[in-house]
Amino acid sequence: MKFWKRELERLSIPFWPSQGNFLLVNARKGLGRSGVDVFQECLKLGVIFRPVANYGLHDALRISIGTMAENQFAVRALEKVKG
């Protein structure tokens, strides 16, 4: 969780506080796209984040916390999508 919070802050991607094993990020504000759009771009890079438009959160994306290697790989995908 600490790793993700630090990296999301570094990338200026806003997120909601979490007590679980995932973070909810604002893809629109942080990446300039809907959660579904970011999901599709990251999927091409081999990373699966969960869009949550079905909950009415079209601009959000759920990021589950994985192993450190998985987390680092996922952050690199976000960096590529962000440009």
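Gly46 follows helix 3 and has a positive phi, near 90°. This is a predicted model. The protein has four helices and four strands. From the N terminus on, they run α-β-β-α-α-β-β-α.

**Helix 3**

- Helix 3 covers residues 35-44.
- Its buried residues are Gly35, Val38 and Cys42.
- Seen down the axis of helix 3, these buried residues fall within an arc of 65°, so they line one face of the helix.
- The buried residues pack against two helices, helix 2 (27-31) and helix 4 (68-82).
- They also pack against strand 3 (50-52) and strand 4 (57-64).
- Helix 3 lies across strand 3 and strand 4. Its direction runs at about 40° to strand 4.

**The sheet**

- The four strands form an open sheet. Their order is 1-2-4-3, and the pairing is antiparallel.
- Strand 1 (15-16) and strand 3 stand at the edges. Each has a single partner strand, so one side of each is left without a neighbour in the sheet.
- Strands of a sheet pair through backbone hydrogen bonds, either parallel or antiparallel.
- Strand 2 (residues 22-26) pairs with strand 4 in the antiparallel sense. Five bridges join strand 2 and strand 4.
- Leu24 has Arg62 of strand 4 as its bridge partner.

**Helix 1 on the sheet**

- Helix 1 (residues 2-10) packs on the sheet.
- Helix 1 touches strand 1, strand 2 and strand 4.
- The direction of helix 1 makes about 10° with that of strand 2.

**Overall form**

- The protein has 83 residues, and 36% of them count as buried.
- The C-alpha trace spans about 30 × 30 × 20 Å along its principal axes.
- Four helices and four strands make up the elements of the protein. The radius of gyration is 11 Å, close to the 12 Å that the globule rule gives for 83 residues, so the protein is as compact as a globular protein of that length.

**Contacts and surface**

- Among contacts with a separation of 6 or more, 56% join residues 24 or more positions apart.
- The protein exposes about 5100 Å². Carbon and sulfur atoms supply 53% of that area.

Methods:
Residues are numbered from 1 along each chain as its sequence is written. This is a predicted model: local features need pLDDT of at least 70, side-chain atom pairs count only at pLDDT 80 or more; totals for chains, interfaces and linings use all residues. Side-chain values use heavy atoms; hydrogens and water are left out. Buried means under 20% relative accessible area, exposed over 50%, partly exposed in between (1.4 Å probe, protein chains only). The arc is that of the directions from the helix axis to the C-beta atoms. Contact means heavy atoms within 4.5 Å. Two strands pair if DSSP finds at least two bridges between them. Axes are lines fitted to C-alpha atoms, for helices over the stretch in contact, and angles run from 0 to 180 degrees between N-to-C directions. The radius of gyration is taken over C-alpha atoms; the globule rule is 2.2 Å times the number of residues to the power 0.38. Accessible areas come from the Shrake-Rupley method with a 1.4 Å probe; for residues, only the protein chains shown count as cover.
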